Amino acid sequence: MLYGIAAATTALLLAAVLAALLRPPALRLGLVDRRRRQRRVPLSGGVAVVLTTCLVAGVGDWSGIAPLGPDIGALVLAAAAVAVLGLVADLWRLRTRLLVLGTAVAAAFVVPYGDTGAWAGAVAVAWITFVALAFRALDHADGVAGTVGVVTAFGVAACAAFEVLDGLAVLLSVLAAALTGFLMHNWPPARVALGGCGSLFAGFLLASAAVTARAGYEETVGAGVLFALTAVAGADAVLVVVARRLAGRPLLRGGPDHLAHRLRRLGITPQGATVLLGAAAFSAVLVGTLVHSGWAGPYAVWWVAGGVLAAVLGLLRVPAHARAREEKGTAHARAREKGTSRTRAREREAARTRTGEEETAHAHARKSPRPQPRRAPLFAPRLFAPRRQSESAVRLPGSSDGRHGQRVSSQVSASLRVRNG
């Protein structure tokens, strides 16, 4: 008991620290998932969850404090192999059929055929593969896969504890704690995401543990319990498949048609959608746990099935792709308006600049002195005034000038005589 608490606390803190430390390298390596066009979310959270779960569980088994046993050890190794496959898919975009094939091969090594039989074992392999890929699809929105994974891990751990599978219960508790530490960075708006590495690991481990805990029981009731434990992931997968079939779209092409996307179309916030899906997962997991432990009858599973059916049919009426196209067109229109407004702003700025330059020029012109017209002095001599006659040219009255043929006025002569004494 004390080791379980210590292991869960260590896993929570270690996952939170690793998710923060691995974020810058993931950004540099390009290990990102574009949730929106303007935001890049690194996929380092899945690596942190896988490393934390395997490390803490391995230390407990190695120290002998909480031995896992050979079967649980093989389960951890198979889940780690699936995580590596998911990491390769995050880096190089593997095809979905390769992920399906690799997950199915790993699931074939962990199914307890001695308790299930060959036919039920083959169905269990298919179901584990389906749940692992469904959990990978749950990583379509911030916080959804982590929240649903934590709730499911606690429910399956309770079923394992009821079957006295202590090693499996401790492993699932460590996984739940690691996912909780990861959620510190993944709550909307997320700074890191699980990616294929973490989501495939969590889904594979949860589905395989549920099959191991339920092995040996009646097959019909067992199928109902397994369905209830993973109802949210199954509902999301069914909703996507049906919607894409009805719309004539390829099944493997991504799109905004998952549970959280449609809830957002109804006006629910990202945090509200995560809480709502977590509450739905808790209700379904609680029913599955009560049925497994015998505290509720098998008929209770039908309530879960009815709720899933109602949710799928109701959310199918919410437009996904048409609304997405409208939002895309609105975004383009806003971008065009923004570009037009920027152009107009530049034009207004240029006009203000020209106006300012003109005002500056006018101000300088007003400050500079205007050229005044030159005025002649009051007593300045005229340029073309009559030339004064010399004294030698003065003739006495009565005399005549032979050159000019004119007589000199007596007044002029008199004045000259007065001036000259």
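Is Val164 buried or exposed? In this predicted model, Val164 counts as exposed, because its relative accessibility is 61%, and exposed begins over 50%. Val164 sits in the loop that runs between helix H8 (144-162) and H9. Its backbone is worth a look as well: phi of Val164 is near 55°, a positive value in a residue other than glycine. A second backbone feature appears in the loop between helix H9 (166-186) and H10, where Pro189 is found. Here the peptide bond from Pro188 to Pro189 is cis, with omega near -5°. Both features catch the eye because most residues other than glycine have a negative phi, and most peptide bonds are trans.

The overall picture comes next. The protein contains 17 helices and two strands. Of its 421 residues, 40% are buried. Contacts also reach across the sequence: among those between residues at least 6 apart, 72% join residues at least 24 apart.

The largest nonpolar core brings together 91 residues, and the members that touch the most others are Ile128, Leu168 and Phe204. Helix H10 (residues 195-214) gives this core its largest share, eleven residues. Away from its neighbours within four places in sequence, Leu168 is in contact with Ile72, Leu75, Ala160, Ala209 and Thr212.

Leu172, in helix H9, offers another view of the interior. Its relative accessible area is 0%, so Leu172 is buried, the limit for that label being under 20%. Not counting residues up to four places away in sequence, Leu172 touches Ala153, Val156, Ala157, Leu206 and Ala209. Ala209 thus appears among the partners of Leu172 and also among those of Leu168. The C-alpha atoms of Leu172 and Ala8 are separated by 9.5 Å, with their positions 164 residues apart along the chain.

A polar residue can sit inside too, as Thr103 shows: Thr103 is buried, with a relative accessible area of 0%. Thr103 belongs to helix H5 (residues 96-108). With neighbours within four places in sequence set aside, its contacts are Val82, Leu85, Thr129, Ala132 and Phe204. One of these partners, Phe204, is also one of the three core residues that touch the most other members.

Thr212, placed in helix H10, makes a useful comparison. Thr212 is partly exposed, because its relative accessible area is 25%, and the partly exposed class lies between 20% and 50%. The side chain of Thr212 reaches back to the backbone oxygen of Ser208, at 2.9 Å. Beyond residues up to four places away in sequence, Thr212 touches Val110, Pro112, Leu165 and Leu168. The C-alpha atoms of Thr212 and Val111 are separated by 7.1 Å, although the two residues are 101 apart along the chain.

Attention now turns to the spaces between the atoms. Rolling a probe the size of a water molecule over the atoms shows where empty space is left. The structure holds one cavity of 30 Å³ or more, and the largest cavity encloses about 30 Å³ of space. Its lining consists of Cys159, Ala210, Ala213, Arg214, Val225, Leu226, Leu229 and His292. By type, these residues divide into six nonpolar, one polar and one charged. H10 and H11 each contribute at least two residues to the lining of this cavity.

The second largest pocket has a volume of about 370 Å³. There are 17 residues in its lining, and the closest to the pocket centre are Ala120, Glu219, Gly222, Ala223 and Leu226. Leu226, named here among the residues closest to the pocket centre, is also one of those lining the largest cavity. At least two lining residues of the pocket come from each of helix H6 (113-116), helix H7 (118-138), H10 and helix H11 (219-229). H7 supplies the largest share, five residues. The pocket lining is made up of ten nonpolar, three polar and four charged residues.

Key
Residues are numbered from 1 along each chain as its sequence is written. This is a predicted model: local features need pLDDT of at least 70, side-chain atom pairs count only at pLDDT 80 or more; totals for chains, interfaces and linings use all residues. Side-chain values use heavy atoms; hydrogens and water are left out. Helices (H or I, at least four residues) and strands (E, at least two) are DSSP runs, numbered from the N terminus. Buried means under 20% relative accessible area, exposed over 50%, partly exposed in between (1.4 Å probe, protein chains only). Contact means heavy atoms within 4.5 Å. A nonpolar core is a set of buried Ala, Val, Leu, Ile, Met, Phe, Trp, Tyr and Cys residues joined through side-chain atoms within 4.5 Å. On a 1 Å grid over the protein atoms alone, a cavity is a set of points where a 1.4 Å probe fits but cannot get out, and a pocket is an open set with protein on both sides within 12 Å along at least five of seven lines; lining residues have an atom within 4 Å of a point. Grid points are joined across faces, edges and corners, and a volume is the space filled by probe spheres set on the points. Ala, Val, Leu, Ile, Met, Phe, Trp, Tyr, Cys and Pro count as nonpolar, Asp, Glu, Lys and Arg as charged, and the others, Gly among them, as polar. A polar contact is a pair of N or O atoms within 3.5 Å; within protein, one must be able to donate a hydrogen and the other to accept it, and residues adjacent in sequence count only if both atoms are side-chain atoms.
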